[in-house]
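Reader: I am in my first year and still learning to read structures, so could you take me slowly through one part of this one, namely the charged side chains and what they are paired with? Please also show me where the partners sit along the chain.

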Amino acid sequence: MKPPVISIVTPTFNRCDTISRCIDSAVAFCRAGNINDLSEMIVVDDCSTDGTVDLVAEKYADLIQKGWLRLVTRWENHGFLSTRNLGVRHASGDWVIFLDSDDEIIPDTASKMIDYMTNVTQSFLYFRCLDGNTRTLIGPATETHQISYPAYINSGTPAEAL
């Protein structure tokens, strides 16, 4: 099977202080998974006023020019979910990874995650997320978690976020 094409969608609003860490982690993740040519990142700014757009445009101009990073800007604030949905509309990958602008994706998990995505048949995946104190934020599915769409929840899958 061929490796999946991955779109990393990052909604952002006034995250000038964290967006570089986020983008750098996505770049490292794709390099570690050897999928630079099979990936893209879409950063959707929801009308930031703190210089987030300028920072991304200047610091990552080379990635924007290469077409790996797309910066979509809004001129009115529409909120997190609408901004995330706009990012998905710009995505062209087989898989979408939502990476919040104050989070990082762990590069060491790339090869396992890509292998997993290549061989899985589920249409929806959740991966374990850890907070800054390494506490699990999403655990395994239980009887109390009722999901109305196809999902596969497994706290042992090989992708994590900080």
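Author: Let us begin with one residue, Arg21, which has a relative accessibility of 41% and therefore counts as partly exposed, since that class lies between buried, under 20%, and exposed, over 50%. Please keep in mind that this is a predicted model. The side chain of Arg21 meets that of Glu104 in a salt bridge, with 2.7 Å from N to O. Arg21 belongs to helix α1, residues 19-32, while Glu104 is in the loop between β4 (95-98) and α5 (110-119), so this pair ties together parts that are 83 residues apart in sequence. Glu104, like its partner, is partly exposed, its relative accessible area being 22%.

This is one of four salt bridges that the structure holds. In another, Glu40 is joined to Arg70, and here the closest N and O atoms are 2.2 Å apart. This pair, too, links distant parts of the chain, for Glu40 is in strand β2 (residues 39-45) and Arg70 in strand β3 (residues 69-73), 30 residues apart. The two partners fall into separate classes of accessibility: Glu40, at 6%, counts as buried, whereas Arg70, at 27%, counts as partly exposed.

A further salt bridge is formed by the side chains of Asp100 and Arg84, with 3.3 Å from N to O. Asp100 is in the loop between β4 and α5, and Arg84 is in helix α4 (residues 80-90), so that the pair links distant parts of the chain, 16 residues apart. Asp100 has a relative accessible area of 23% and is partly exposed, but Arg84, at 19%, counts as buried, because the limit for that class is under 20%. Arg84 has a second partner to look at, since it also lies over the face of Phe98, at 4.1 Å from the ring centre. If you were to search for rings paired with other rings, you would find zero aromatic pairs in the structure.

Now return to helix α1, the home of Arg21, and look at its neighbour. Helix α2, residues 52-59, packs against α1 at an angle of about 40°, the axes being 10 Å apart, and the crossing of the two is right-handed. On the α1 side the residues that meet α2 are Ile19, Ser20, Ile23 and Asp24, and on the α2 side they are Thr52, Leu55, Val56 and Lys59.

The loops on either side of α1 also deserve a careful look. Asn14, in the loop between β1 (6-12) and α1, has a phi near 50°, a positive value in a residue other than glycine. Asn34, found in the loop between α1 and β2, likewise has a positive phi, of about 55°, although it is not a glycine. Asn14 is partly exposed at 26%, while Asn34 is exposed at 69%.

Finally, the wider setting: the protein has five helices and six strands, which run β-α-β-α-α-β-α-β-α-β-β from the N terminus on. Of the contacts with a separation of 6 or more, 77% are between residues 24 or more positions apart, and buried residues make up 39% of the 162 residues.

Note on methods
Residues are numbered from 1 along each chain as its sequence is written. This is a predicted model: local features need pLDDT of at least 70, side-chain atom pairs count only at pLDDT 80 or more; totals for chains, interfaces and linings use all residues. Side-chain values use heavy atoms; hydrogens and water are left out. Rings of Phe, Tyr and Trp (its six-membered ring) pair if their centres lie within 6.5 Å; planes under 30 degrees apart count as stacked, over 60 as edge-to-face and the rest as tilted. A charge sits over a ring if NZ of Lys or CZ of Arg is within 6 Å of the ring centre and within 35 degrees of the ring normal. Helices (H or I, at least four residues) and strands (E, at least two) are DSSP runs, numbered from the N terminus. Buried means under 20% relative accessible area, exposed over 50%, partly exposed in between (1.4 Å probe, protein chains only). Axes are lines fitted to C-alpha atoms, for helices over the stretch in contact, and angles run from 0 to 180 degrees between N-to-C directions. A crossing is left-handed if the near helix is turned anticlockwise from the far one by less than a right angle, and right-handed if clockwise. Contact means heavy atoms within 4.5 Å.
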